[in-house]
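Colleague: I would like to learn how to read this model feature by feature. Can we go through it together?

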Amino acid sequence: MCGIVGIVGQTPVGQSLYDGLTVLQHRGQDAAGIVTIHDGMFRLRKANGLVKDVFHTRHMLRLEGNMGIGHIRYPTAGTSSSSEAQPFYANSPFGISLAHNGNLTNAEELKTWLFEKARRHVNTTSDSEILLNILGHELQQVDSIDLKPDDIFTAISNVHNRVRGGYATVAVIIGHGMVAFRDPNGIRPLVFGKRETEKGFEYMVASESVALDACDFEFVRDVAPGEAIFFSDKGTMHSQQCAQNPSFSPCIFEFVYFARPDSTIDKISVYASRVEMGKKLGAKIAKDWEDIDIDVVIPIPETSCDIALEIARQLDLPYRQGFVKNRYIGRTFIMPGQEQRKKSVRRKLNAIGAEFVGKNVLLVDDSVVRGTTSEQIIDMARAAGAKKVYFASAAPEVRFPNVYGIDMPSANELIAHGRELDDICQLIGADKLIYQSIEDLVEAVGAGNSDIKLFETSVFDGNYITNDINQSYLEKLDAMRNNETKEKSDKDADSIIDMHNEGAE
């Protein structure tokens with residue numbers, strides 16, 4: 001999962017891009033990058049780290065120009081080395097820079113095609129660089145140096161025909177403008193907004209509406225599945241549906257965990273959807289656990305706070321903040337290695353003993369993925385004096401890998417894979433465990449937009465919306481992207497970078 005922003009302005013955009021990335025930091029902590037266009041040249045700064053650590057005053061002063069894009073990264077495909085940081089750029093044709101949120105399911109096939117047919121070299125293991133080169137190849141087919149909006153839309157139609165998977169993308173083309181497009185299923189989110197200045201209109205695209213708010217852009221709408229929108233460097237906007245058979249199947253996990261509660265995605269308030277999750281799960285607990293004695297409801301901060309509050313209301317029980325969160329520790333789910341996640345849980349949370357001593361507590365979390373975090377938090381609750389610890393998950397059992405841009409690649413890492421409820425409960429050390437049903441989750445999120453008939457729910461039910469995922473693919477993905485392999489590839493990539501740096505010195 002990553003975050004992207006892009007702005008076509010009438011004045012320098014560097015600071016606004018920085019501000020947009022800062023409020024999207026929850027979507028990725030591994031790397032950050034910004035590219036702007038000034039005097040017909042790219043100005044690029046990217047590196048591993050948080051936005052505030054990657055960009056210093058000297059970098060921002062160099063990021064001149066009235067048009068640019070930005071990216072914050074959490075690695076799903078490729079490594080977490082700095083060589084994988086985005087945006088990427090290609091000199092031909094015109095000069096293109098691209099940022100991408102999602103994951104291409106036919107990346108290996110595309111990489112081979114690029115080398116053998118298009119004669120394009122991909123220098124990293126990132127599927128985003130593959131997508132950049134596919135777009136570059138399609139734009140190369142235009143028999144003119146003067147790109148028209150229809151030329152760009154034709155190129156993106158061809159991209160859709162060639163590429164599979166989940167992708168929300170923004171790219172800038174030197175001398176022309178900025179284009180944003182979304183995969184034909186609308187798996188990954190993308191919105192755009194505008195503002196009027198004395199010099200004309202300025203446009204911004206982003207992964208979530210909260211970035212528009214932070215930069216004082218008025219939300220216009222979501223980019224439709226399969227749609228492309230071109231914002232010229234002259235301040236005009238053009239849009240076209242570029243997919244042959246678009247559907248509307250956004251990723252439901254955005255609402256469960258990733259997105260900020262103050263965002264609106266595909267006309268659905270993330271906050272309201274979480275309140276609805278709490279209503280549904282509270283009703284289920286009241287029905288299925290009628291004889292369970294619960295003294296207090298405690299959320300595992302922060303995503304589950306709104307959910308837990310609604311559960312407490314449904315059960316007519318006290319709601320308490322039993323854990324204090326260290327806000328200087330990142331989100332453990334999106335940390336690149338399992339060992340790093342384990343170490344961070346204890347540093348991230350500390351229990352307030354008075355809320356646990358002698359009580360039967362119901363802990364509420366947004367989901368249970370690998371189970372290690374849940375196990376450690378339950379241990380903390382017991383150490384703080386809880387008599388019994390019950391556990392509720394606002395999402396169903398995560399049993400299947402995600403292939404569209406969420407770091408759930410290895411089925412063996414998922415605690416619910418191949419296990420029943422009692423087994424999972426025993427492994428995390430809870431006295432009782434309950435999950436939201438998939439039907440209730442879909443109904444809770446879908447209540448905000450009746451136009452969505454089908455959400456992307458593959459991590460729960462194994463139904464992959466692109467219809468191109470089989471067991472062979474999952475096994476290959478498992479071998480490539482389990483934690484041990486990812487950590488080894490990171491070390492190898494860093495060694496290569498170190499050798500280059502030593503040579504340069």
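**Contacts, sheet and backbone**

Modeller: Leave aside the neighbours within four places in sequence, and Glu 310 is in contact with Val 275, Gly 278 and Lys 279. Keep in mind that this is a predicted model.

Colleague: Where is Glu 310 found?

Modeller: Glu 310 is found in helix α10, which covers residues 305–315.

Colleague: Is Glu 310 buried or exposed?

Modeller: Start with the cut-off: buried means under 20% relative accessible area. Glu 310 has 8%, so it is buried.

Colleague: On to the sheet. What is the order of its strands?

Modeller: Two strands pair if DSSP finds at least two bridges between them. Here 7 strands form an open sheet in the order β3-β2-β4-β1-β10-β9-β11. The pairing is antiparallel.

Colleague: Which strands stand at the edges?

Modeller: β3 (41–48) and β11 (218–222) do. Each has a single partner strand, so one side of each is left without a neighbour in the sheet. From one strand to the next, the twist averages 15°.

Colleague: Take one pair. How many bridges join β1 to β4?

Modeller: There are 6 bridges between β1 (residues 3–8) and β4 (residues 67–73). The two strands run antiparallel. For a register point, use Val 5: it stands opposite Gly 70 in β4.

Colleague: Now the backbone. Which residues does a cis peptide bond join?

Modeller: Read omega. One cis bond joins Gln 86 and Pro 87, with omega about 5°. Pro 87 is found in the loop between β4 and β5 (88–90). Another cis bond joins Ser 92 and Pro 93, with omega about -5°. Pro 93 lies in the loop between β5 and β6 (96–104).

Colleague: And phi? What is the value for Asp 216?

Modeller: Phi of Asp 216 is near 65°, a positive value in a residue other than glycine. Asp 216 is found in the loop between α7 (209–214) and β11.

Colleague: β11 again, one of the edge strands. Is Asp 216 buried or exposed?

Modeller: The cut-off for exposed is over 50%. Asp 216 has a relative accessible area of 62%, so it is exposed.

Colleague: What is phi for Asp 266?

Modeller: Near 50°, again positive in a residue other than glycine. Asp 266 lies in the loop between β14 (264–265) and β15 (268–269).

Colleague: Buried or exposed, for Asp 266?

Modeller: Relative accessibility is 2%, so Asp 266 counts as buried. Set the two loops side by side: Asp 216 is exposed, whereas Asp 266 is buried.

Conventions:
Residues are numbered from 1 along each chain as its sequence is written. This is a predicted model: local features need pLDDT of at least 70, side-chain atom pairs count only at pLDDT 80 or more; totals for chains, interfaces and linings use all residues. Side-chain values use heavy atoms; hydrogens and water are left out. Helices (H or I, at least four residues) and strands (E, at least two) are DSSP runs, numbered from the N terminus. Axes are lines fitted to C-alpha atoms, for helices over the stretch in contact, and angles run from 0 to 180 degrees between N-to-C directions. Buried means under 20% relative accessible area, exposed over 50%, partly exposed in between (1.4 Å probe, protein chains only). Contact means heavy atoms within 4.5 Å.
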